[in-house]
Amino acid sequence: MKSFYLETFGCQMNVHDSEKVIGTLEERGYAQVDTVEAADLVLYNTCSIRDKAEQKVFHRLDDNKRTKNKIFGVIGCVAQQEGEKIFERAPHVSLVAGSASYTKLGEMLVQLERGERRVTGLSLDTEDTFETAVTRRDNPHKGYITIIEGCDKSCAYCVVPFTRGPERSRTSESVLREAQGLAEQGYSEIQLLGQNVNSYRDPSAAGWNFAQLLEAVGQVDGIRRVRFTTSHPRDFGKDIVDAIDRQGTLCNQVHLPVQSGSTRVLRAMARQYTREEYLMRIGWMKSASRDIALSTDVIVGFPGETVEDFAETLSLLDEVEYDSIFSFKYSPRPNTSALGLEDHVPEEEKSRRLTILQEKQRAIQIRKNTALIGTQQEVLVEGYNSSTGQWIGRTSQNRTLNFVTAEQAEKARMIGTYLPVRVTRAGPNSLVGECAIPV
Ligand code: SAH
Ligand code: SF4
Ligand code: F3S
């Protein structure tokens with residue numbers, strides 16, 4: 001029996017790609033193991049979004065450079081970006097393959113098994129992007145579905161267009177077939193994935209846009225929750241908000257990365273929208289009849305960001321009152337146009353801004369979460385934390401709501417069910433509650 005170890009870095013798209021890679025490997029007779037030591041084949045599915053993320057894989061490879069009798073492979077975004085240079089830097093690596101080549105993983109494995117030392121899959125020629133048949137999903141209740149791959153934007157700081165190639169959408173028929181298949185297997189939550197789901201264009205005759213696809217997925221029998229990620233503000237239409245308002249199965253949660261509150265910085269980032277245009281989209285969501293939770297991504301210290309620009313990002317947080325944010329220090333990346341900009345913000349100043357931003361947001365989250373005390377929320381039960389004795393639930397708004405039940409309940413029976421929970425306490429990042437019915 002051949003065995004493999006796989007470690008995944010990066011975004012949900014990488015997590016889902018790993019599920020496809022695992023499916024392919026298992027189909028070819030490989031068994032997954034938990035340690036590098038126990039594996040014949042060691043794979044790292046890598047992320048290159050910031051320098052720190054990229055360095056992780058090189059640390060892992062360094063740690064294992066004297067390991068004998070194993071095949072090492074680097075796949076994902078660093079593989080696509082660095083290509084054959086990885087063989088120079090880490091000569092014990094035998095496979096370098098980007099995400100667009102996973103449909104050919106079977107052939108690459110045959111080459112490796114024959115003892116070839118430098119196998120590559122680096123073509124971004126993406127004809128059969130969505131052909132991978134077998135997916136070994138990690139979670140039996142929540143399933144990811146890729147609807148669009150790649151990205152045609154060229155944000156000045158971002159490697160994704162280079163690591164994932166040009167945008168290509170999958171047919172609505174194939175997406176719906178996968179959604180129905182998941183529902184039949186007992187999945188009740190679906191997350192639609194893409195770097196920019198809003199620019200989805202059905203390549204088949206139906207010609208649906210994203211809002212139409214989203215609503216149709218929300219109508220699949222057995223599906224109770226649909227989420228999607230990520231949205232680009234420029235392509236985010238009001239029809240998406242209308243669909244969420246009409247269709248209760250679409251979660252009342254939208255992640256809309258802003259990056260900066262300053263129009264001047266947004267222009268330098270080539271984001272293709274102004275602060276006002278962004279806020280107009282937030283306005284659509286705030287005037288919806290459902291209470292839509294909002295989250296975002298922010299980059300601090302982009303080249304040329306002044307203290308005034310940063311103050312505009314802070315004021316945007318006050319204005320929008322996000323339910324959560326992901327915030328990062330700008331990290332210069334290979335191939336990107338921002339490398340050519342001047343006025344790099346010093347590292348300590350970036351750290352200072354990041355801390356201020358995160359403290360402000362923490363206060364906003366405490367306030368917003370505290371306002372939920374006393375309300376009843378429906379949660380999907382995702383797990384049990386034996387150290388706290390609490391069940392872990394997630395609300396439609398994507399909040400973690402840890403809760404207790406009046407009586408002891410059995411794990412197998414609880415996980416994957418939907419329960420009403422009354423919120424009793426709130427922290428900055430999660431809520432605590434009590435299940436409102438006997439279980
Ligand atoms: N497709 C998504 C972004 C994926 S990357 C979108 O358009 O929103 C996730 C986040 O990483 C980005 O939103 C951005 O905030 C951050 N990011 C991307 N490149 C970065 C860089 N060079 N430095 C710091 N943060 C970066
Ligand atoms: Fe990167 Fe911009 Fe594309 Fe998002 S939209 S993946 S930030 S280039
Ligand atoms: Fe990272 Fe690639 Fe995702 S760079 S964020 S794993 S698309």
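**Helix 5 and the ligand 1 site**

Q: Which residues of helix 5 (residues 105–113) are called buried, and why?
A: Leu 105, Gly 106, Met 108, Leu 109 and Leu 112 are buried. Buried means under 20% relative accessible area, exposed over 50%, partly exposed in between (1.4 Å probe, protein chains only). Helices (H or I, at least four residues) and strands (E, at least two) are DSSP runs, numbered from the N terminus.

This is a predicted model: local features need pLDDT of at least 70, side-chain atom pairs count only at pLDDT 80 or more, and totals for chains, interfaces and linings use all residues. Residues are numbered from 1 along each chain as its sequence is written, and side-chain values use heavy atoms, without hydrogens and water.

Q: What puts these buried residues on the same side of helix 5?
A: They cover an arc of only 160° around the axis, so they lie on the same side of helix 5. The arc is that of the directions from the helix axis to the C-beta atoms.

Q: What covers the buried residues of helix 5?
A: The cover includes helix 1 (12–27) and strand 4 (71–76). Contact means heavy atoms within 4.5 Å.

Q: Why does the pair between ligand 1 and the side chain of Asp 297 count as a polar contact?
A: An oxygen atom of ligand 1 is 2.6 Å from a side-chain N or O atom of Asp 297. A polar contact is a pair of N or O atoms within 3.5 Å, so this pair counts. A polar backbone atom of Gln 195 lies 2.7 Å from a nitrogen atom of ligand 1.

Q: How much of ligand 1 does the protein cover?
A: The protein covers 90% of the 540 Å² of accessible area that ligand 1 has on its own. Such areas come from the Shrake-Rupley method with a 1.4 Å probe.

Terms used
Chains lettered and ligands numbered in written order. Polar contact = N/O pair within 3.5 Å; in protein donor to acceptor, adjacent residues only side chain to side chain.
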